[in-house]
Amino acid sequence: MNVKELISLIDGKLLNPSADLTREVKGGCGADLMSDVLASIQPEAVLLTGLCNPQVVRTAQMADVAAIILVRGKMPARETLDLAEEERIALVTSPFGMFELCGRLHEAGLPSLERPVNCPTCDCD
Amino acid sequence: MSAVSETHSKPMTDQDAENITRTEELAYELKVEQVMTKVLKSVSPDQTMLEALESFRDGRISGAPVVADGRLIGLISMEDLIRCLRNSDLKASVSQYMTQNPQTIRSTDPVVEALKLFTSKRFGRFPVVDDKGELVGIITKGDLTRGILTALQHDYHEEEVRRYRASHLFEDIVSDRTSLIMRYNIKKGDFIHGGAASSKIKRALLRLGATPQIARRTGIAVYEAEMNLIIHTTNGGVIRAEIEPHQISINVYDDGPGIEDVDLAMRPGYSTADDDVRELGFGAGMGLVNIQRCVDSMRLESIINKGTNLKMKIFLPKEETMGEGFSQNKES
């Protein structure tokens, strides 16, 4: 699915107009610890998080994340919004909690793009 | 241009989609003053419609602002002229046929505001005023289209040139061993800009022709190291990235406080970060572990009260070396 379809699935609200809504989302990853995200996430995933600071966008940029969803209707700090706008990564807020969101997306066919701990079969990518 | 006309007959390609999104973006980036026609001609309300007609013909324009005592009071267009001609009333004054107190738009507004006006109101042009309310230009739908197309063409060209130049850097400069060194000073506690240096390094690698995978691995490793400088150092530190066609060497160093037990610091989950840092999503004790996973070689040296030096290397396989030997299109 693409970012636009993703947004409608979660009653989401897009916060930065520069985002590319046609970008393909291949799966998901949910975490509040950015190191966990950097350690586990595979490219082209949607990142679900409760964290609202600019590091979320930086992490997303480094890890080739397709879109960021802020859970429980959270609104990001101005700096976070500006950075997302600059980097053109979709920043979306959704009224639902983390568990509900993971459930909805999984049900809609998005697989997990979280690499298990000590996965022997893959290297960094 | 061809991409636009082709969308009617063919399914949309990724390139088309990209162009459209870029157009939307430009609607927010471009300002009205960048696309408007600067006012050269205006008419006064007591001129006759015949004079207005001649003024339109001479200036090859289809509308003009009506100005009295230096103040914008109306707008006269070709449509008003036609109305007047049908009445055989060319001797009438401009004030009788003009649109009074026309809706204006500010020169500093983004182009998207003009787009909204054109959609909601059925006028063909709007006078443009500056912050003091003084008339500075006029904007038509044609100005909008022309402005956006020019900008599109311009920045498409710019990025192409940048990438071309960067990817040929290593071929254009001949030596026995050429490398590009980039240095970034990182401030202690600067969480707002945390990751800015890593982001620039990642972008540089992509421009130089690295594969997305190599750029991603390097980006993640440097980002973790950059956050370590921001979180743990006494005075911040330096990131030094040396790029060669076949390898990337990154050196991250600071002048204290140093790590007491390097082996312990390397253990997954071990962290000395306080709660503030954890609230920011870091300090889970995974940074060095992540770095190790992303790079091909890593060495961490630290002396208490003197500083820490982290050296990492990523080797590029022969078919993925940067520069001309590598074609970016293969991967992306």
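Which residues are buried in helix α4 (residues 78–87) of chain A? In this predicted model, where local features need pLDDT of at least 70, side-chain atom pairs count only at pLDDT 80 or more, and totals for chains, interfaces and linings use all residues, they are A:Thr80, A:Leu83 and A:Ala84. A quick note on labels: residues are numbered from 1 along each chain as its sequence is written, while chains are lettered from A and ligands numbered from 1 in the order in which they are written. Buried here means 20 or more other C-beta atoms within 10 Å of the residue's own, exposed means 12 or fewer, and partly exposed is in between, with C-beta atoms placed from the backbone. Helices (H or I, at least four residues) and strands (E, at least two) are DSSP runs, numbered from the N terminus.

Why do the buried residues of α4(A) line one face of the helix? Seen down the axis, they fall within an arc of 100 degrees, so they share that face; the arc is that of the directions from the helix axis to the C-beta atoms. These buried residues pack against α3 and β5 (90–93) of chain A, a contact being two residues whose C-beta atoms, placed from the backbone, lie within 7 Å. Just after α4(A) comes A:Arg88, with a positive phi near 55 degrees.

Zooming out, chain A holds five helices and five strands, arranged along the sequence as α-β-β-α-β-α-β-α-β-α. Of its 125 residues, 48% are buried. Among contacts in chain A with a separation of 6 or more, 56% come from residues 24 or more positions apart.

The strands of chain A form an open sheet of five, in the order β1-β5-β4-β3-β2, with mixed pairing. At the edges stand β1 (13–14) and β2 (27–30) of chain A, each with a single partner strand, so one side of each has no neighbour in the sheet; strands count as paired if DSSP finds at least two bridges between them. Further in the description of the sheet, strand β3 (residues 45–49) of chain A pairs with β4(A) in the parallel sense over four bridges, and A:Leu48 stands opposite A:Ile69 in β4(A). Helix α5 (residues 98–107) of chain A lies across β2, β3 and β4 of chain A and runs at about 165 degrees to β2(A). For that angle, axes are lines fitted to C-alpha atoms, for helices over the stretch in contact, and angles run from 0 to 180 degrees between N-to-C directions.

As for confidence, pLDDT is the predictor's own score for each residue, from 0 to 100. Chain A averages 91, and 94% of the residues score at least 70. Among the elements of chain A, α2(A) has the lowest mean pLDDT (90) and strand β4 (residues 67–70) the highest (98). Over residues 120–125 of chain A, the pLDDT is below 50, and this stretch has seven contacts in the model beyond near neighbours in sequence.

Chain B has 332 residues, of which 32% count as buried, and it contains 15 helices and 12 strands. Of the contacts in chain B between residues at least 6 apart in sequence, 63% join residues at least 24 apart. One link across the sequence involves B:Asp46, in the loop between β1 (37–38) and α4 (49–59) of chain B. B:Asp46 is exposed, with 11 other C-beta atoms within 10 Å. Leaving aside residues up to four places away in sequence, B:Asp46 touches B:Ser93 and B:Ser95; B:Asp46 and B:Ser93 are 47 residues apart in sequence but 5.2 Å apart in space, C-alpha to C-alpha.

The two chains meet through 24 residues from chain A and 28 residues from chain B. On the chain A side, α2 (34–40) and α3 (54–62) each supply at least two residues. That side divides into 11 nonpolar, six polar and seven charged residues, where Ala, Val, Leu, Ile, Met, Phe, Trp, Tyr, Cys and Pro count as nonpolar, Asp, Glu, Lys and Arg as charged, and the others, Gly among them, as polar.

A few backbone oddities round things off. Most residues other than glycine have a negative phi, and most peptide bonds are trans. A:Glu44, in the loop between α2 and β3 of chain A, has a positive phi of about 70 degrees. The peptide bond from B:Gly256 to B:Pro257 is cis, with omega near 10 degrees.
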